[in-house]
Amino acid sequence: LMILFSPVWLSGLLLLGAALVAAAARYRPRYIQGTALGVTAVTLLLWLGMRTRLPITPAPGSLYGWGVDQWTWSLSGAWLLLLLGVTLITRQPDDPDTLSRFPKQGLILLLGGVTAAALWAGTPALAVTAWLLLALVWAAAGWFSLPEKNLRMVSLPFGGLLLGVLALWYAAALGSGGEWSTWPAAARTAALLAILGQMGSAPLLGRQMILAAGDRETAVLLLLAPGLSGAALLLNLTATGPMPGLLAMTLIGLLLVLAGLRRAWVHLAQPAQVGTALALTASGFVILDGLWAGPAAAAADGRVLALAVALLFLGEPVRRASLRERNGWLVVGPPLLGWLLALAALAGLPLTAGFNGRAALYQAWLPANGWALVLVLALLHVPLVTAVFLSGTARPDEAVELTPSRAAAGGRLLLALGLLALPALPLSEVSWVTWLALLLPVALGLGLARFAQDLPGWETAVHL
């Protein structure tokens, strides 16, 4: 029975589910949604059982082997929870023309299986193979999701992903294909470039394709799958040795945070645009955590990347509908809770996964005389909080359609609750400077948002 809790079985189950959904679309269309939900739910349950086998390590000298420790296990759990939440949000297709094609539930499972394999790759050869398969499936899923086919929209980010694969292959060659712990500094430097390629290709090069996708459920997975595979590689590397180019990569991490904030401020009233932009910001947090605070902090912010960004990307067009309306709690409750927890997690507030990432990062910087880094990142949190708050309050009531799905409400609740986490550090050991760097930007950001809302025509001004 222990094989049921192995990475190969869980990845294979998701891929088998994609095949079953394709068969259901051809012969029994009414079973599409039930099949997809059953497969994702069973996979998540088996993932829970995988914890009893940790750590899973590849056999010595094996070329292809699985590797799962507590940090990659946690990160993969966020991915599987995202798959289940997105499947719940996805509606059963009614159009016969849609059913004749590969349904989006099948694309969700196909992306889910390949990405899970990339998250659990325990050897460089398997990581290169999984990344290559992910790039091919990603491009195919992106092509199928576009209502109007555009080769340039797909080929540009696909090229970025292939460059990431080539960089990882080169890193593996420099490391002689050995274990992560034996890689020299040159191999680790090449691997960092590969990680940047994975984390930046979708939100930067693939932004147009993701925003033009026919459904947001597939689009959010296209946005997050490459970045999470890059985060998993970062966890493996930081768990087995120091990373080179610390100052340069720290600067790149801060620039990713800033670039995401700048893009988010230009499109505050468009949830998908804000989510796409803040994927860059959350990726910057993961890189900074991995470099300075270790794999535990990076895995925590990896959870924020997966779930908080997804909640913002899938945000309802409006959040201020009346609870007194029929089924109004389904319209307001789950999206509102998701928005609040996404804001708290991105800000690094206690009882969220973001706190375990940001607090550990600040605690690592302070003994290394990194006061300037703490100050810079804390200041960047002010516009971050403001942008997330304004993006959730910038839409009028009249656009709400009070025809919610209980399954979709449950999916959003799952994603929101996945952001909750007990503090990894004893609160008494957290420095007062860290508390100040975490809490003061939230107060300033909310105050700035309130001030902006009092300005007439602020939404129009922001978009200019």
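Helices, as the term is used here, are DSSP runs of H or I of at least four residues, numbered from the N terminus. In this predicted model, Leu351 falls within the loop between two such helices, α14 and α15. The phi angle of Leu351 is near 70 degrees, a positive value in a residue other than glycine. A second case of this kind is Asn369, with phi near 60 degrees. Asn369 belongs to the loop between α15 and α16, the latter spanning residues 371–391. With a relative accessible area of 65%, Asn369 is exposed, because the exposed class begins over 50%. The backbone also contains a cis peptide bond between Leu54 and Pro55, for which omega is about -10 degrees. Pro55 is placed in the loop that runs between α2 (32–50) and α3 (70–89). These backbone features may be set against a general tendency: most residues other than glycine have a negative phi, and most peptide bonds are trans.

Charged side chains were examined next. Side chains of opposite charge can pair when their charged atoms come close. A search of the whole structure yields two salt bridges. In one of them, Lys104 pairs with Glu217, and the closest N and O atoms are 3.7 Å apart. This pair links distant parts of the chain, since Lys104 is in helix α5 (residues 104–119) and Glu217 is in helix α10, 113 residues apart. Lys104 is partly exposed, with a relative accessibility of 24%, whereas Glu217, at 12%, is buried. The two partners are therefore assigned to separate classes, as the buried class is limited to values under 20%.

The other salt bridge is formed by Arg358 and Asp301, whose closest N and O atoms lie 2.9 Å apart. Arg358 is part of helix α15 (residues 353–365) and Asp301 of helix α13 (residues 295–313), so this salt bridge ties together parts that are 57 residues apart in sequence. Arg358 is buried, its relative accessible area being 0%. Asp301 is likewise counted as buried, at 1% relative accessibility.

Internal voids were also considered. Rolling a probe the size of a water molecule over the atoms shows where empty space is left. The structure contains four cavities of 30 Å³ or more. The second largest cavity encloses about 50 Å³ of space. Its lining consists of Gln198, Met199, Ala202, Pro203, Leu223, Leu224, Gly227, Ala279, Ser283 and Leu305. Two or more lining residues are contributed by each of the elements α8 (185–205), α10 (216–238) and α12 (271–292). Helix α8 provides the largest share of this lining, with four residues. By residue type, the lining of the second largest cavity comprises seven nonpolar residues, three polar residues and no charged ones. Helix α10 thus appears in two contexts, because it contributes to this lining and also carries Glu217 of the salt bridge with Lys104.

At the surface, Leu337, Leu413, Leu417 and Leu420 make a nonpolar patch of about 300 Å². Leu337 is located in helix α14, which covers residues 328–347. The relative accessible area of Leu337 is 31%, which places this residue in the partly exposed class. Leu337 can therefore be a member of the patch, for which over 30% relative accessible area is required.

How values were computed
Residues are numbered from 1 along each chain as its sequence is written. This is a predicted model: local features need pLDDT of at least 70, side-chain atom pairs count only at pLDDT 80 or more; totals for chains, interfaces and linings use all residues. Side-chain values use heavy atoms; hydrogens and water are left out. Patches are made of residues with over 30% relative accessible area and no salt bridge: like charges are joined within 9 Å, nonpolar side chains (Val, Leu, Ile, Met, Phe, Trp, Tyr) within 5 Å. Accessible areas come from the Shrake-Rupley method with a 1.4 Å probe; for residues, only the protein chains shown count as cover. A salt bridge is a side-chain nitrogen of Lys or Arg within 4 Å of a carboxyl oxygen of Asp or Glu. Buried means under 20% relative accessible area, exposed over 50%, partly exposed in between (1.4 Å probe, protein chains only). On a 1 Å grid over the protein atoms alone, a cavity is a set of points where a 1.4 Å probe fits but cannot get out, and a pocket is an open set with protein on both sides within 12 Å along at least five of seven lines; lining residues have an atom within 4 Å of a point. Grid points are joined across faces, edges and corners, and a volume is the space filled by probe spheres set on the points. Ala, Val, Leu, Ile, Met, Phe, Trp, Tyr, Cys and Pro count as nonpolar, Asp, Glu, Lys and Arg as charged, and the others, Gly among them, as polar.
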